[in-house]
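Reader: Could you take one part of this model and go through it closely, in connected prose, with each term explained where it is used? I would like to begin with the unusual backbone geometry and then follow the neighbouring elements.

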Amino acid sequence: MDADINFYFDPVCPFAWMTSKWVRQVQAQRDYTVDWRFISLRLINAKVDYDAHFPPEYEAGHTAGLRLLRVAARARAEHGREAMAPLYAAFGTHIFDTAPSPANHQAEVDLPELRGTREFAEPILAEAGLPLELADALDDESWDGEIQQETDEALSLTGKDVGTPIIHFEPPAGVAFFGPVISRLPHEDSAVELWDHVVALARFPGFAELKRSLRERPQLAAFGIDRDTVGKQEDWHGGSRRQKK
């Protein structure tokens, strides 16, 4: 697929989701084409000791992300790349843009694991207009090779000390970067202005990095933060709240 933007996402990454919503704003105003591609945080961290380096819920969350990417890989194989935009939108809406219900007694620590189940995936597939049997791919490791290949492709564009999302501007010749990581969604009238600034930096051949690890919790309903609230600032060491040990 020839696209203006290649966007590599893991469905369980909140910052990838926030950036993707901004990219959709820009896409609507600039009529860009976006190819939504895969990058797995679980595969990136395959050799990492999760207990030593991450908060307790991360391994289950990243594993759920890989399971959902298997579903996405099968959906793409059987229904085309055009199925990815609505499917990722449905993933993100259910994971991040839905506030926790007081009636839901599921312990918060169990939610990441729940996201890798048929119970979670089937309503999302239905919402995206896709067959429910695609959820069979949750346990099908045969899709992992394709997901690994696309993950490797993304990292080959940026280097390995990155997270998600990765955006490839004007592929195949254009440059790619991790991020931009944003915690707030810009208003419609400033979304394109922000995009133009980012692309201007990306187009300069000598530009490598502009970063700070201090971040606000993203303005997402899943975190109890709306667009009128500024999230608590946290230090996301290593791009993913990796612990300094």
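**Loops, sheet and helix packing**

Author: Pro 172 is located in the loop that joins β3 to β4, where helices (H or I, at least four residues) and strands (E, at least two) are DSSP runs numbered from the N terminus. The model is a predicted one, in which local features need pLDDT of at least 70 and side-chain atom pairs count only at pLDDT 80 or more, while totals for chains, interfaces and linings use all residues. Residues are numbered from 1 along each chain as its sequence is written, and side-chain values use heavy atoms, with hydrogens and water left out.

The peptide bond leading from Pro 171 into Pro 172 is cis, its omega being near 5°. A further cis bond runs from Gly 179 to Pro 180, with omega near 0°, and Pro 180 has its place in the loop between β4 and α9. Two positive phi values can be set beside these bonds: Asp 31, in the loop between α1 and β2, has a phi near 60° although it is a residue other than glycine, whereas Gly 80, just after α4, takes a positive phi of about 90°. As background, most residues other than glycine have a negative phi, and most peptide bonds are trans.

The strands on either side of Pro 172 belong to an open sheet of four strands, ordered β2-β1-β3-β4 and mixed in its pairing, where two strands pair if DSSP finds at least two bridges between them. Because β2 (34–38) and β4 (176–178) stand at the edges and each has a single partner strand, one side of each is left without a neighbour in the sheet. From one strand to the next the twist averages 20°. Strand β1 (residues 5–9) pairs with strand β3 (residues 166–169) in the antiparallel sense over four bridges, and Phe 7 stands opposite Ile 167 of β3.

Helices lie across these strands. Helix α9 (residues 188–203) lies across β1, β3 and β4 and runs at about 75° to β3, while α4 lies across β1 and β2 and runs at about 130° to β2. Such angles run from 0 to 180 degrees between N-to-C directions, and the axes are lines fitted to C-alpha atoms, for helices over the stretch in contact; contact itself means heavy atoms within 4.5 Å.

From α4 the path leads to α5. With 22 residues, α4 reaches 31 Å from its first C-alpha to its last, close to the 32 Å expected at 1.5 Å a residue, the expected span being 1.5 Å times one less than the number of residues. The axes of α4 (residues 58–79) and α5 (residues 84–96) come within 10 Å and cross at roughly 160°. That angle makes α4 roughly antiparallel to α5, given that angles under 35 degrees count as roughly parallel, over 145 as roughly antiparallel, 65 to 115 as roughly perpendicular and the rest as oblique. The crossing of this pair is right-handed; a crossing is left-handed if the near helix is turned anticlockwise from the far one by less than a right angle, and right-handed if clockwise. In this contact Leu 68, Ala 72, Ala 75 and Arg 76 of α4 meet Met 84, Leu 87, Phe 91 and Ile 95 of α5. Those residues divide into seven nonpolar, no polar and one charged, where Ala, Val, Leu, Ile, Met, Phe, Trp, Tyr, Cys and Pro count as nonpolar, Asp, Glu, Lys and Arg as charged, and the others, Gly among them, as polar.

Helix α5 also meets α7 (residues 118–127), the two axes coming within 9 Å and crossing at roughly 130°, which makes α5 oblique to α7. This crossing is right-handed, and the contact joins Leu 87, Ala 90, Phe 91, His 94 and Ile 95 of α5 to Phe 120, Ile 124, Leu 125 and Glu 127 of α7. By class, seven of these residues are nonpolar, one is polar and one is charged.

Finally, the axes of α1 (residues 14–30) and α5 come within 11 Å and cross at roughly 130°, so α1 is oblique to α5. Here α1 passes α5 in a left-handed crossing.
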